[in-house]
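Biologist: I am a first-year student, and I would like a close look at the nonpolar interior and what lies beside it. Please take me through that part slowly, explaining each term as you come to it.

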Amino acid sequence: MTDPQIRRRSEVRALARLALDEIGSAAAGIGSIHRAVSDRVFAGAQLGVGAHVLPAKVLHDEISGAVYALVADTARLGGSVAGRFLDLPSTENVPPSQTRRGARVIAAIQGLIGDVLESDGSVLAEPLAIRVDGAALPPDESTLADAFPRAHPRIVVFLHGLVETEDAWSLGGRPTYGERLETDLACTALQIRYNSGRHISDNGRSLSDLLDTVTEHWPVEVESIALVGHSMGGLVARSACRIAFLDDRPWVRRVRQVVSLGSPHLGAPLEQAVHYASAGLAALPETRAISGLLRRRSAGIRDLNQGSLVDEDWRGRDPDALRAAAVSEVPLLDGVTYCFVSATVTRSPRHPLGRLLGDGMVLVPSASGRNRTRMIGFRNEDGMHLGSANHFTMLNHESVYEKLLEWLGAPEAG
């Protein structure tokens, strides 16, 4: 276990260095836009006054280039220094990743560039893990026994979405689904946090490994497992089940339900729009820097283009290809009930605005796994629609909780 003070200092330094490096990159990007625009302006002026404009252009380019370079280099130098020596006074040796606010900031960064953080070996690229009060738990026998003294044979695993943490389930400050289910369903809820900037298949593999270890070391014999995922979390759950099935992992034979809340099984329109926009913006020098910024989006975000769950969807392929390759269709597990929740900002999913916007992030056909060209295999009777709601409403909603009780097999009252 890493000493909390050392961990805190490492995370603070990594955050400071990242912030200053991003300022440096932004300055360089703005400089390239400025240069492209000025080149076009001076080219137009040269058509009118001829070569007399060239001295002014040379002077302008030298001064502006030097200013942007100075800002970028200074920021990057500051980032390097901060990454080595920065420390902030604190009365508690709690790493930012174990505080609500700090964890949210890191989760947002991970969602955007988490794959780069992982490849760079950054301390901010946290591995997938069970979290209790913000702290990551190693899944060994003694730790699990201490953390879950009333461990139940029935486990419900909760997976947050893109740029979220396990704290997202406590929307509105109300008790989470997991906390309520432990009382109403007699189960143990596991809250998972993961780096949402990684490929979905990478997180699926990590989840499969974790659940295999948890099943082996759980204080009592595991009888059943249910997976509940919000947004990207639902895709990670399906990916983990597929990987575990192919690897013949013992834990997957205990899975009884997989529930996805607003998950883009057929892709997310925002990512699809950004994919095409980045290609269009790359065509002009004035917008090429913006295209470069959009193309820095993480592997996890790119996987949301069509709902990619396996390595074959991205390995060896150009992520910026204008026409994305067909996604691999992943079959559902036999004997497992797959449930889903879709939502629209309008009361009725048939309303034109509801069809256009869905829940603001995911459209109803994608959340229900069925459109004109693709069909995941979910049954209509295992689905629920939430009207007059947005993508995050379903994180903590009474109607959704009642459905969870029904789907996960709670006994009827009375």
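Modeller: Let us begin with the largest nonpolar core, which has 44 residues, and in which Ile130, Val157, Trp218, Leu227 and Trp251 touch the most other members. A nonpolar core is a set of buried Ala, Val, Leu, Ile, Met, Phe, Trp, Tyr and Cys residues joined through side-chain atoms within 4.5 Å, where buried means under 20% relative accessible area, with a 1.4 Å probe and protein chains only. Two or more residues of this core come from each of strand E3 (154–159), strand E4 (188–193), helix H6 (200–217), strand E5 (224–230), H7, strand E6 (255–261) and strand E7 (337–343), the names being DSSP runs numbered from the N terminus, with at least four residues (H or I) for a helix and at least two (E) for a strand. Among these elements it is H7 that supplies the largest share of the core, 7 residues.

Some care is needed in reading this, since the model is predicted: local features need pLDDT of at least 70 and side-chain atom pairs pLDDT 80 or more, while totals for chains, interfaces and linings use all residues. Residues are numbered from 1 along each chain as its sequence is written, and side-chain values use heavy atoms, without hydrogens or water.

To see the surroundings of one core member, take leucine 227, which, leaving aside its neighbours within four places in sequence, is in contact (heavy atoms within 4.5 Å) with Val157, Leu211, Ala237, Cys241, Trp251, Gln257, Val258 and Val259. There is also a second, separate core of 27 residues, with Val156, Leu181, Cys339 and Leu386 among its members.

Cys241 leads us on to the empty spaces, for this residue also lines the largest cavity, together with Arg238, Arg242, Val330, Pro331, Leu332, Leu333 and Tyr338. A cavity is a set of points, on a 1 Å grid over the protein atoms alone, where a 1.4 Å probe fits but cannot get out, and lining residues have an atom within 4 Å of a point. Helix H7 (residues 232–247), already met in the core, gives the largest share of this lining, 3 residues. The space inside is about 50 Å³, a volume being the space filled by probe spheres set on the points, which are joined across faces, edges and corners.

Searching the whole structure gives 2 cavities of 30 Å³ or more, and the second largest holds about 30 Å³. Arg238 and Val330 appear again in the lining of this second largest cavity, which also includes His265, Gly307, Leu309 and Arg374.

Notes
1 Å grid on protein atoms, 1.4 Å probe; cavity = no way out; pocket = protein on both sides within 12 Å on 5 of 7 lines; lining within 4 Å. Buried < 20%, exposed > 50% of the residue type's maximum accessible area, 1.4 Å probe, protein only.
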